[in-house]
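The following exercises ask the reader to work through a protein structure one step at a time. Each task is followed by its solution.

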Amino acid sequence: MPIRTEPVTINIGPQHPSTHGVLRLRVTFDGEVIVDVEPIFGYLHRGSEKLAEERNYVQVLTLTDRLDYVASMTNNQAYCLAVEKLMGVEVPERAQYLRVMTAELQRMASHLVAAGFLLQDLGALATPLMYCFRFREKILDLFEMLCGARITVSYMRPGGVFADAPEDFWPALDRLMGEAPELLGELEQLLMENEIVLVRTKNVGVLPLDTAIAYSISGPVLRASGLPWDWRKADPYDVYDRMQFDIPIGDRGDNYDRFRVRIEEVKQSMRIVSQCIEQMPPGPIRTELPFVLRPPAGAEAYGRVEAPKGELGFYMVSDGSIAPYRCKIRSPSLINLTVLKELLVGWKLADMIVTLGSIDINMGEVDR
Amino acid sequence: MVPFLQDNVIYRGVYCWLGGNEGNAQWCGGDGLLPGGYEWVAYFVAGLTIMLILVNGALLGAAVFVWAERRLLARFQARRGPNRWGPWGILQPIADLVKLLIKEDIIPTAADRIAFTLVPIIMLMSLLLSLAVLPFARNTYLANLNIGVLYIVAVSSMTTIAIFMAGWASANKFAMFGAMRGVTMLISYEIPLILSLVGVVLIAGSMSLVSVVEAQYLPFILVQPLGALVFMLGISAELNRTPFDILEAESEIVAGYHTEYSGIKFALIQAAEMAGVLAASGFLATLFLGGWSGPFLSTQLGALWFLMKLSFFVFLFIWIRATFPRLRIDQIMAFAWKFLLPLAMINFLATAVQVYFFGFYHGDVPGEITRNEQWVMAAINVPLAVASIVAFGHFAREGIRVPAVRLESIVPIPRVAEVD
Amino acid sequence: MLEDYFRQYGLIAIFTIVAFIVPTSMLMMSFLLSRLGIRPQKPNPVKQDIYECGMETIGGRWARFNFRYYMYALLFVIFDVAVVFVYPWAVRMGKLGLFALIEMMAFITILGFGWVYAWRKRDLEWR
Amino acid sequence: MLFQDFIFWALAVGGVAAALGVVLLRDIFRAALLLIVVFLTIAGHFFLLAAEFVGVVQVLIYAGAISILIIFAIMLTQNVQQGNLPNRLQIPAVLLPALLLSALIFVFVDTDWRLTEALPNAVGVNIVNLAFEDTTFKLSKLLLENYALAFGAAGALLLASIIGALSLVRER
Amino acid sequence: MYGLGLAKGLMVTMKNFIRPPFTVQYPEERLPQHPRFRGEEFVWYDERCTGCASCAKYCPLGIIKIVTSPSETAVLEGDKYDIEVFDIDIGRCMFCGLCVEACPYDALFMGSGFERGRYQRKDLVISVDELRQAVKRPSTWFRPQLENARYDPQEGEPLAWEDVGREKWPWHKQEKAGAKINRTVHRGGAESSQDKK
Amino acid sequence: MDLERFLILSAVIFCIGLYGTMARRNLITILMSLELMFTAVTLAAVAMSRYVVSKQVLADTSNTSEAALQTLLTGQVFALFIIVVAAAEIALGLGIVIAFYRSRETVDMSQANMMSR
Amino acid sequence: MTRAFQGEELARFIQRRFPDAELEWDGDSLWIEPQRVREVARFLKEEPQLEFNFLNAVSAVDYIEYFEVLYHLTSFEHNHSAVVKTRVYGRENPSVPSVVEVWPGADFQEREVWDLMGVAFEGHPNLKRIMLWEGFPGHPLRRDFEDVIEY
């Protein structure tokens with residue numbers, strides 16, 4: 001008969017050094033091993049969907065910046081796609097290229113943050129995090145040059161982007177693309193073969209493919225489980241159909257694969273950005289639309305993009321007024337969290353933090 | 001005057017200054033301040049001088065180490081680090097200390113007040129006590145015990161109890177987690193730690209640290225590469241340094257066993273930890289890098305050589321901390337029991353056979369391994385170390401395989417023909 | 001020399017007292033500062049609560065722990081005893097000769113059996 | 001001798017008080033901590049008795065290892081704070097040790113011990129000093145030659161206790 | 001061999017140890033700030049503002065408060081409205097710039113400051129007087145005319161209201177501007193600021 | 001009085017340990033008391049070794065060879081063996097306590113008389 | 001390109017399996033009866049020609065007289081997508097069968113819809129508030145929700 005060890009229930013979060021925002025997990029442990037997990041959230045709930053119903057279509061854009069504040073560009077893109085679908089508006093080619101380019105830069109930044117924090121969770125004392133942030137900082141610098149803000153960009157508008165890139169943006173981008181492989185290579189050298197990282201992440205937090213699909217997992221987490229599914233390929237929006245890139249996928253769906261897939265995706269994003277630079281056509285950057293949009297009454301649209309965290313969708317319903325009747329946000333972070341319990345039970349406390357980090361959630365997006 | 005006092009530079013200085021009476025004239029060269037018969041005062045003052053040096057050295061060293069670690073870590077991370085207080089921010093630890101001193105000292109209601117308060121005292125005490133046998137220059141030490149090596153291990157094992165007390169007394173689950181993890185890890189690493197020193201003792205023929213330094217014709221890091229490696233890893237586990245810092249893993253259990261500590265108690269625990277790194281570097285330098293002996297002028301510049309070697313190890317500790325993530329508890333346990341323990345065993349058995357052989361060769365004058373013999377041992381032991389690390393390495397690398405991420409360019413082709 | 005021995009340990013004893021006094025005096029200093037009003041001392045129930053990520057503690061204070069920790073302690077005690085016995089032999093290895101060497105090897109081998117047993121029974125693994 | 005006497009009495013009083021605490025305290029965790037204090041004071045006595053190796057082994061094994069094992073066992077079982085209850089046999093439990101103690105003290109004081117001080121100084125050297133200098137060195141010969149069999153038996157005992165204890169505790 | 005990956009990692013950190021640090025010593029040393037930077041202390045030109053409150057209307061958070069009254073000459077001479085209150089609550093502002101985008105007269109610009117720390121929330125509200133007195137270094141965000149003129153809010157001179165317009169003030173020139181503002185209007189924004197440089 | 005005070009101290013601690021083994025119900029306390037008794041005996045052995053000299057050594061006063069001096073340390077060797085035995089005892093004893101706890105959910109000695117069940 | 005199923009096309013599939021189902025379609029959306037949601041969901045997932053194994057999103061819209069619950073579906077095998085909707089009438093206790101059994105990923109989304117919109121899901125294993133705290137009055141995403149919280 002085994003010793004009856006009383007399970008210990010501990011709150012991990014909301015005030016914990018590494019729960020990626022104000023996520024609270026009620027975790028029950030037996031020794032070090034997790035028996036039960038219950039995520040409790042809502043600490044950052046701002047009611048974005050309700051707020052969107054009281055703002056006009058352009059104003060809602062500023063709310064989308066604050067969903068996944070690590071990847072505002074892709075949020076903007078998803079929202080703009082939905083509104084454009086709603087209005088039936090075409091976007092000029094140059095604007096599409098600019099969107100794809102910024103979205104890919106944003107993806108790089110977001111994946112770097114995810115990778116950096118994953119390693120922080122492994123206990124790497126901020127060194128890889130600092131290297132990741134150094135890289136990301138250069139991208140954010142470009143964003144500042146492009147749209148005046150680093151995080152909450154509000155760059156895109158329904159019908160295009162608000163402004164063309166300034167002249168000195170292009171040399172700066174070229175410079176970044178020149179030094180990016182070295183920065184990324186350094187990170188890979190530091191971590192990809194590091195035995196400690198390998199033993200900590202390999203075969204830990206394994207998410208089998210069928211479970212991943214059943215739990216509606218999307219984005220790098222799904223790809224790490226082995227399905228080459230990427231909305232940029234499956235249902236190309238903007239000009240992704242003109243881009244050459246690969247979809248990195250993992251073998252087992254463990255933490256290492258998720259981490260590795262993100263790093264590989266950064267490389268692919270670099271490819272896309274350089275293709276954008278090459279192909280960038282001249283032309284207008286914004287379809288002329290009134291400042292206050294009035295989509296036809298009863299129209300509805302579901303616009304989605306492959307955000308760094310997964311499939312980000314906006315389901316918009318219009319009633320013909322200046323504000324959306326309903327703006328439902330399909331946030332990948334929330335839905336990827338559904339599988340958390342499946343992933344964590346049976347693993348140890350230390351793995352819990354890493355697995356949580358490898359899902360790469362953003363509380364701004366989970367709670368909305 | 002006993003021989004042990006004659007050898008000791010500081011004792012001798014203080015003793016001669018204060019109490020050198022006629023009986024000691026032949027090596028003091030004159031009378032001291034005190035009249036005859038008061039040698040015990042001189043003796044006492046001399047002892048206190050060294051204690052003063054040790055205590056202040058440890059605490060100031062901890063302060064400097066905090067600063068150095070923060071600066072160096074910042075540089076490793078492409079940052080700048082603290083640089084506001086004083087030149088290069090050198091006064092930062094003082095500012096921190098003042099802040100912690102005048103910070104409210106909170107003891108949780110649920111805590112066991114006595115045990116809670118005793119923890120920082122015990123931690124600092126065991127650290128300071130372990131310094132007593134450290135020779136930090138030629139013939140400069142508080143005491144040269146015959147059991148020096150074991151004394152260090154024994155005294156520093158009291159830290160384990162302190163950590164456990166901290167976790168238990170805090171009545172905090174994170175602290176308890178940290179304490180249980182910490183104690184389990186510390187005791188697991190103590191065995192390889194003790195075993196790795198057997199080789200040193202075998203060659204030196206004594207457990208006294210002074211004899212160990214004197215026996216090092218070659219730095220023992222060459223003669224005992226495995227021992228040095230195991231000791232280094234073991235001691236960094238004992239010090240809760242990365243990659244073995246599971247007992248205060250901030251990303252998992254907040255601050256581990258000292259989650260509830262604040263104010264001056266926290267400062268003392270930190271001081272004990274930081275000074276612990278210095279002490280450990282000191283022991284590493286003494287046991288494996290020749291301590292105060294240097295290539296030249298080791299009599300005069302002993303303290304300097306010692307300090308340089310110590311700084312080398314301190315830098316190594318900081319470097320490792322800046323680079324590595326932390327291991328998981330089961331991996332840490334497996335590392336201790338399946339990797340370090342056999343390595344320590346191999347080292348100890350190999351050294352025993354070698355020493356026996358050389359002792360046999362010497363005939364009647366055992367215990368003295370000459371320089372050439374140490375070269376021979378180094379030549380044997382370095383390849384042995386590499387071989388055994390490779391051999392036992394695969395026990396520690398269970399589950400590591402080549403990275404496996406494929407690139408797929410195509411989305412799976414739909415089974416139903418697309419309608420476009 | 002016994003006199004020498006006692007001088008050394010006398011110093012260690014004094015040093016023990018000093019090492020006790022140093023941290024204690026620092027705690028006392030902090031306490032005095034609070035008396036002088038330099039250091040604040042304003043306890044309240046929330047402040048003195050146990051930290052558990054900003055939430056109230058779930059369940060009781062005393063969590064009983066998994067016995068896996070105990071297994072390692074058990075192994076440690078036995079190996080510690082064994083390892084300590086190596087030291088007296090190590091200091092005079094040269095003089096003791098072949099018989100002692102073989103005896104020590106035998107001793108270590110016997111314990112090695114214990115180690116191998118624990119390994120084979122998977123007690124060294126954290127399950 | 002004054003200093004040694006002072007140390008002796010300090011250690012003795014502390015040790016006896018801590019030992020009383022071990023058996024009388026209700027909080028079993030504190031009792032275990034006091035047990036460590038007893039072990040440490042006894043180690044101090046060993047150093048006083050010129051048995052440095054035994055002293056350091058006492059610190060390492062009793063205070064460092066056995067007490068940890070005891071504390072872990074306490075943490076594994078219930079009722080830390082109220083776990084150390086007295087049973088019903090209080091009166092015999094006080095009487096018997098008291099009787100034994102008085103008998104022992106009587107015997108100790110009454111016996112005419114052959115003391116080492118009685119050993120003459122041979123060739124100008126104090127034999128006691130010689131005997132207790134570097135005890136570790138001398139102990140090794142006793143351990144490995146005079147008591148070789150016991151040494152081997154200790155190894156076997158340790159092996160047996162590893163196997164026995166592991167199989168007792170292991171979860172099945 | 002086991003440990004090779006660790007050694008590689010150590011080499012990477014050592015390489016970074018030797019390099020100069022990436023971060024800068026902030027107050028003494030500043031990173032270049034791009035002209036489009038959307039920052040605090042909005043630049044507002046009283047002369048250009050008609051008090052139409054488009055900015056207030058398009059602010060997603062509604063933090064701009066405008067109170068206007070017709071000036072004495074307004075009815076007769078077609079003068080613009082007097083602005084009595086123009087409060088921007090910076091404490092709640094999220095610097096999206098929609099107010100600037102909405103301004104039809106190029107009267108409101110983003111600023112480029114970011115150091116407006118205050119102890120109280122009410123101190124964060126910018127009043128009309130502050131806006132009038134502030135040094136006018138507008139950000140080039142959503143103002144292509146400034147950008148084409150390569151105006152740099154960090155380095156450049158403060159701009160007068162005539163210099164910042166998108167067009168040459170067609171409606172003020174004849175019937176409105178002269179009534180209140182006694183200035184001759186003859187220079188275009190873009191060219192003039194280029195001339196200055 | 002040097003020897004006697006050590007012996008009396010040892011006796012006092014031994015008797016306290018004896019009281020603990022008899023008067024307490026918690027099995028772990030009983031084991032702790034046993035450890036007290038063990039250390040007390042160790043102390044006595046070491047004290048004997050330091051102060052008491054055997055008949056042969058006393059008789060053969062001229063013999064100051066190492067071998068004869070070493071016999072003085074026999075008590076210390078005994079102490080070491082006692083420590084080994086104590087360690088083995090505590091490991092097995094606590095193992096039994098844990099096994100007992102596993103089947104009864106208690107470490108109370110007064111429950112132990114139901115062992116026959 | 002992901003092929004979006006037309007409502008009519010999808011309806012034909014469903015009618016073949018559930019002949020008595022009342023279906024409406026319009027453009028690319030399809031309405032089914034609320035009580036039939038779970039059956040249809042299982043059919044959509046298991047029918048080899050459809051294989052909607054991925055549930056993109058569960059949404060709800062408040063149209064005052066009824067609530068519309070939408071299921072955005074995608075098939076990874078065939079790379080096509082569909083929108084299935086259902087209307088629930090009544091503002092007091094609107095309720096739809098839960099599809100957690102079919103797509104476990106609906107768990108948090110259904111809880112969210114319940115929390116914010118007040119549409120209950122029968123058979124959901126753990127239907128409680130997710131964003132807001134227990135005891136929050138009302139469901140804030142409803143069009144007639146009035147803020148009762150005093151700040």
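**Exercise 1.** Which residues does Tyr71(G) touch, beyond those up to four places away in sequence?

*Solution.* The model is predicted.
Step 1. With residues up to four places away in sequence set aside, Tyr71(G) touches Val37(G), Leu55(G), Ala57(G), Val58(G), Ala82(G), Val83(G), Val84(G), Thr86(G), Val96(G), Pro97(G), Val99(G) and Phe121(G).
Step 2. Tyr71(G) also has a place in the largest nonpolar core, which holds 390 residues; together with Trp89(C) and Phe53(D), Tyr71(G) touches the most other members.
Step 3. The element that gives the most to this core is helix 9 (residues 173–204) of chain B, with 21 residues.
Step 4. Another core, of 113 residues, lies apart from this one and includes Leu105(A), Phe259(A), Phe42(E) and Leu108(E).

**Exercise 2.** Determine whether Thr338(A) is buried or exposed, and describe its surroundings.

*Solution.*
Step 1. Locate the residue: Thr338(A) belongs to the loop that runs between helix 12 (332–337) and helix 13 (340–344) of chain A.
Step 2. The relative accessible area of Thr338(A) is 7%. Buried means under 20%, so Thr338(A) is buried.
Step 3. Neighbours within four places in sequence are left aside; the contacts of Thr338(A) are then Tyr215(A), Pro104(G), Gly105(G), Asp107(G) and Phe108(G).
Step 4. The side chain of Thr338(A) also reaches the backbone oxygen of Ile335(A), at 2.6 Å.

**Exercise 3.** Describe the interface of chain F and chain D, beginning with how many residues each chain brings to the contact.

*Solution.*
Step 1. Chain F brings 74 residues to the contact and chain D brings 89 residues.
Step 2. About 7800 Å² is buried between the two chains, and carbon and sulfur atoms give 78% of this area.
Step 3. On the side of chain F, the residues that lose the most area to chain D are Arg24(F), Met32(F) and Arg50(F), which together make up 9% of what that side buries.
Step 4. One salt bridge is found across the interface. Asp5(D) forms a salt bridge with Arg5(F), and their closest N and O atoms are 2.9 Å apart.
Step 5. Helix 5 of chain F supplies the largest share of the side that touches chain D, namely 22 residues.
Step 6. Sorted by character, the residues on that side of chain F are 50 nonpolar, 14 polar and 10 charged.

Methods. Residues numbered from 1 in each chain as written. Chains lettered and ligands numbered in written order. Predicted model: local features only at pLDDT ≥ 70, side-chain atom pairs only at ≥ 80, totals over all residues. Heavy atoms only, no water. Helix = DSSP H or I, 4+ residues; strand = E, 2+ residues; numbered from the N terminus. Buried < 20%, exposed > 50% of the residue type's maximum accessible area, 1.4 Å probe, protein only. Polar contact = N/O pair within 3.5 Å; in protein donor to acceptor, adjacent residues only side chain to side chain. Contact = heavy atoms within 4.5 Å. Core = buried A, V, L, I, M, F, W, Y, C linked by side-chain atoms within 4.5 Å. Buried area = accessible area lost by both parts, 1.4 Å probe. Salt bridge = Lys/Arg side-chain N within 4 Å of Asp/Glu carboxyl O. Nonpolar A, V, L, I, M, F, W, Y, C, P; charged D, E, K, R; others polar.
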